[in-house]
Amino acid sequence: SAGGAANQQVSFFVTGLNEQLQKRSQRLEQLKLALQCGELEAWFQPQVDGASGRILGAEALVRWRHPDEGLISPAEFIPLAEETGLVIELGQQVLEQACRQAVLWRQKPGWEAFKIAVNLSTVQLSDSKLVHQVKAVLEATGLPAEALELEITESAVMDNTQEALVVLNQLADLGVSLSVDDFGTGHSSLAYLKSLPVSKIKIDRAFVKDLPDDLQDKALCQAVISIGAALDLKVLAEGVETQAQADLLMHLGCLSFQGYFYGRPSPAAEFSGGSVGQPG
Ligand code: C2E
Ligand code: MG
Ligand code: MG
Ligand code: MG
């Protein structure tokens, strides 16, 4: 009967839903264990001064070294970590690893000015303990605050404006610098951006990937670079994969770069590079 078919559909749907929920809770348990066992690693991708080619620093990007599944990329577990609050512990671990590593690198001759960038989730931004934790990690590792940059996504700041602004000001007061990640993909109000204690915007890869051919993307990159100049913000282009992209962006006035063209994210031991430069 029609009712029977409908019931079958419903039970099929419920079974599917149950499987999804089971997978999710299994994943969650694995992630909790992973955080206890130290399976989450900070990897590092160079950030480079375009004119000189010298390394300015690196962005820390988390990887999960799963015992059975191998390396898992953040897109696959950051959303779950955010939904469940685990991203607070995860973020803390990445911050610690990144700062500890940066202290070591800054001891190398020529690497004294090395800066480390660490991603902050919206969830961390609304955690009342965040500022204290950042301060504690700087003290414990001995990293000077000015060597740390925290990346917040455009949507993270824009979603939660009033509270976010208080926290961002407290972080800036510690002496760390702040950058807006994935710039251009959110819905920034320029007036609001102007009021934020940020010193850098990162052009999202979406606007870089089809350069140099896509004229609209070229115009958008030009616009972002102009916004940066108007607000006295540094501008870094993400996802640069070719010399032609780097050349065009440099021609448009962008000074700092990150992307496979300069280096893929890698474990600290494999992170290479010559001497560290100052931003041009
Ligand atoms: P993001 O912060 O915008 O990081 C840039 C992403 O672009 C990284 O992906 C990086 O590997 C990738 N990428 C860099 N250069 C290129 C390129 O030339 N071509 C292409 N196709 N991709 C490039 P990844 O490592 O998979 O990270 C994805 C996102 O996960 C990050 O985007 C960030 O939002 C989030 N994430 C990573 N680590 C952390 C973390 O420790 N905490 C938090 N809260 N989020 C993190
Ligand atoms: Mg980032
Ligand atoms: Mg980004
Ligand atoms: Mg991104």
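This dialogue walks through pockets, packing, burial and backbone features in one predicted model.

Reader: What should I know before reading the values?

Author: This is a predicted model, where local features need pLDDT of at least 70, side-chain atom pairs count only at pLDDT 80 or more, and totals for chains, interfaces and linings use all residues. Residues are numbered from 1 along each chain as its sequence is written, chains are lettered from A and ligands numbered from 1 in the order in which they are written, and side-chain values use heavy atoms, with hydrogens and water left out.

Reader: How is empty space found, and how much lies in the largest pocket?

Author: Rolling a probe the size of a water molecule over the atoms shows where empty space is left. On a 1 Å grid over the protein atoms alone, a pocket is an open set of points with protein on both sides within 12 Å along at least five of seven lines, a cavity is a set where a 1.4 Å probe fits but cannot get out, and lining residues have an atom within 4 Å of a point. Grid points are joined across faces, edges and corners, and a volume is the space filled by probe spheres set on the points. Here the largest pocket holds about 950 Å³. It has 35 lining residues, and E59, L61, P74, N119 and D181 are the closest to its centre.

Reader: Which element gives the most to that pocket's lining?

Author: Elements are DSSP runs, with helices (H or I) of at least four residues and strands (E) of at least two, numbered from the N terminus. Strand β2 gives the most to the lining of the largest pocket, with five residues. Elements supplying at least two include β2 (55-66), α3 (87-106), β4 (115-120), β5 (148-153) and β6 (177-183). By class, the pocket lining has 14 nonpolar, eleven polar and ten charged residues. In this scheme Ala, Val, Leu, Ile, Met, Phe, Trp, Tyr, Cys and Pro are nonpolar, Asp, Glu, Lys and Arg are charged, and the others, Gly among them, are polar.

Reader: How many cavities of 30 Å³ or more does a search of the whole structure find?

Author: The search finds one. The largest cavity holds about 70 Å³. Its lining includes I88, L95, V118, N119, Q124, D127 and V134. The elements α3, β4 and α5 each give two or more residues to that lining. Helix α3 gives the most, with four. The cavity lining divides into six nonpolar, five polar and one charged.

Reader: How do I read helix packing, and at what angle do α3 and α5 pack?

Author: Two packed helices are described by the angle between their axes and the distance between the axes. Axes are lines fitted to C-alpha atoms, for helices over the stretch in contact, and angles run from 0 to 180 degrees between N-to-C directions. Helices α3 and α5 (residues 130-141) pack at about 30 degrees, with axes 9 Å apart. Q92, L95, E96, C99, R100 and V103 in α3 meet Q133, V134, V137 and T141 in α5. The residues of this contact are five nonpolar, three polar and two charged. Contact means heavy atoms within 4.5 Å.

Reader: Is E151 buried or exposed?

Author: Buried means under 20% relative accessible area, exposed over 50%, and partly exposed in between (1.4 Å probe, protein chains only). E151 is buried, at 1%. It is found in strand β5. Leaving aside neighbours within four places in sequence, E151 contacts residues including Q47, E59, N119, D181 and K202.

Reader: Where is L40, and what does L40 touch?

Author: L40 is found in strand β1 (residues 40-49). It is buried, with a relative accessible area of 3%. Not counting residues up to four places away in sequence, L40 touches L31, V62, W64, F77 and Q97, among others. L40 and Q97 are 57 residues apart in sequence and 9.8 Å apart, C-alpha to C-alpha.

Reader: Which backbone features deserve a second look?

Author: Most residues other than glycine have a negative phi, and most peptide bonds are trans. A cis peptide bond joins L211 and P212, with omega about 0 degrees. P212 sits in the loop between β7 and α9 (215-230). D182 has a positive phi of about 55 degrees. D182 lies in strand β6 and is partly exposed at 24%. D232 also has a positive phi, about 60 degrees. D232 lies in the loop between α9 and β8 (234-237) and is exposed at 69%.
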